[in-house]
Amino acid sequence: MAAAKPDAVALLKSDHRKVEELFEKFKQGESEGNEALVLEICTELSIHAMLEEEIFYPACQKAMEEENAVSEAYVEHDGAKVLIAELIDGEADNEFYEAKVMVLSEMIKHHVEEEEKTLFPEAQKAGLNMQALGAKMMERKEELVSKFAGGNLPPPETRSFTGHK
């Protein structure tokens, strides 16, 4: 018998835990090749953001009366995307490289806390079919993992930031 697929919230929380572990490895200096670890963090975050923005957030916006939580999440993603792009294009010996990783870690920690304390419970109360969303997200995640293997990340697309090129 096949194992049950995780529901959407379980899948997203699993992603959160994985990225927290990766940031912790970076902070502990466990990786000699920090660039490889940072690339893994950036890849995980990029895929996670795409899943939320393509599938989870639109479903939340349709089902929930309160849209502020989703709007804030988009803005937080945009901030993270800017730092991810800087890290991907940067070098580990840049004077701001580690600072950017640490600020990204702090931003993600705040974002995760808000999602898990506010957005996820509200989405669950709104009656979304979390199993169906989870299945759709898992399928898309498998595509993205394959597509971005080796750090082949696309340039960030922001929704809320304006005035940049």
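These legends cover close-up views of helix packing, a cavity and a pocket in a predicted model.

**View 1. Helices H2 and H3 pack against each other.**
The two axes lie 10 Å apart, at an angle of about 155°. That angle is over 145°, the cut-off for roughly antiparallel, so H2 is roughly antiparallel to H3. The crossing is left-handed. From H2, the contact takes in Val 38, Leu 39, Cys 42, Leu 45, Ser 46, Ala 49, Glu 52, Glu 53, Tyr 57, Pro 58, Cys 60 and Gln 61. H3 answers with Val 70, Ala 73, Tyr 74, His 77, Lys 81, Ile 84, Leu 87 and Ile 88. By class, the residues of this contact are 14 nonpolar, three polar and three charged.

**View 2. Helices H1 and H4 meet in a left-handed crossing.**
Their axes come within 11 Å and cross at roughly 160°. H1 and H4 are therefore roughly antiparallel to each other. On the H1 side, the contact is made by Val 9, Leu 12, Lys 13, His 16, Arg 17, Val 19, Glu 20, Phe 23, Phe 26 and Lys 27. On the H4 side stand Glu 98, Val 101, Met 102, Leu 104, Ser 105, Ile 108, Val 112, Glu 115, Glu 116, Phe 120 and Gln 124. The residues of the contact divide into 11 nonpolar, three polar and seven charged.

**View 3. Helices H3 and H4 form another left-handed crossing.**
Here the packing angle is about 160°, and the axes are 10 Å apart. H3 is therefore roughly antiparallel to H4. The contact of H3 with H4 counts 14 nonpolar, four polar and seven charged residues.

**View 4. One cavity of 30 Å³ or more is held within the structure.**
This cavity encloses about 150 Å³ of space. Its lining has 16 residues. Those nearest the centre are Leu 45, His 48, His 77, Ile 108 and His 111. Four helices each give two or more residues to the lining: H1 (8-28), H2 (34-63), H3 (68-89) and H4 (97-125). H3 gives the most, with five residues. The lining is made up of eight nonpolar, four polar and four charged residues. Some lining residues also serve in the helix contacts. Leu 45 of H2 and His 77 of H3 lie among the residues nearest the cavity centre, and both belong to the contact between H2 and H3. Ile 108 is another residue nearest the centre, and it takes part in the contact of H4 with H1.

**View 5. The largest pocket has a volume of about 420 Å³.**
In all, 17 residues line this pocket. Closest to its centre are Lys 81, Pro 154, Pro 155, Pro 156 and Glu 157. H2 and H3 each supply at least two residues of the lining. The lining residues divide into nine nonpolar, two polar and six charged. Which H3 residue close to the pocket centre also belongs to the contact of H2 with H3? Lys 81 is that residue: it is listed among those closest to the pocket centre, and H3 brings it to the contact with H2.

Methods: Residues are numbered from 1 along each chain as its sequence is written. This is a predicted model: local features need pLDDT of at least 70, side-chain atom pairs count only at pLDDT 80 or more; totals for chains, interfaces and linings use all residues. Side-chain values use heavy atoms; hydrogens and water are left out. On a 1 Å grid over the protein atoms alone, a cavity is a set of points where a 1.4 Å probe fits but cannot get out, and a pocket is an open set with protein on both sides within 12 Å along at least five of seven lines; lining residues have an atom within 4 Å of a point. Grid points are joined across faces, edges and corners, and a volume is the space filled by probe spheres set on the points. Ala, Val, Leu, Ile, Met, Phe, Trp, Tyr, Cys and Pro count as nonpolar, Asp, Glu, Lys and Arg as charged, and the others, Gly among them, as polar. Axes are lines fitted to C-alpha atoms, for helices over the stretch in contact, and angles run from 0 to 180 degrees between N-to-C directions. Angles under 35 degrees count as roughly parallel, over 145 as roughly antiparallel, 65 to 115 as roughly perpendicular and the rest as oblique. A crossing is left-handed if the near helix is turned anticlockwise from the far one by less than a right angle, and right-handed if clockwise. Contact means heavy atoms within 4.5 Å.
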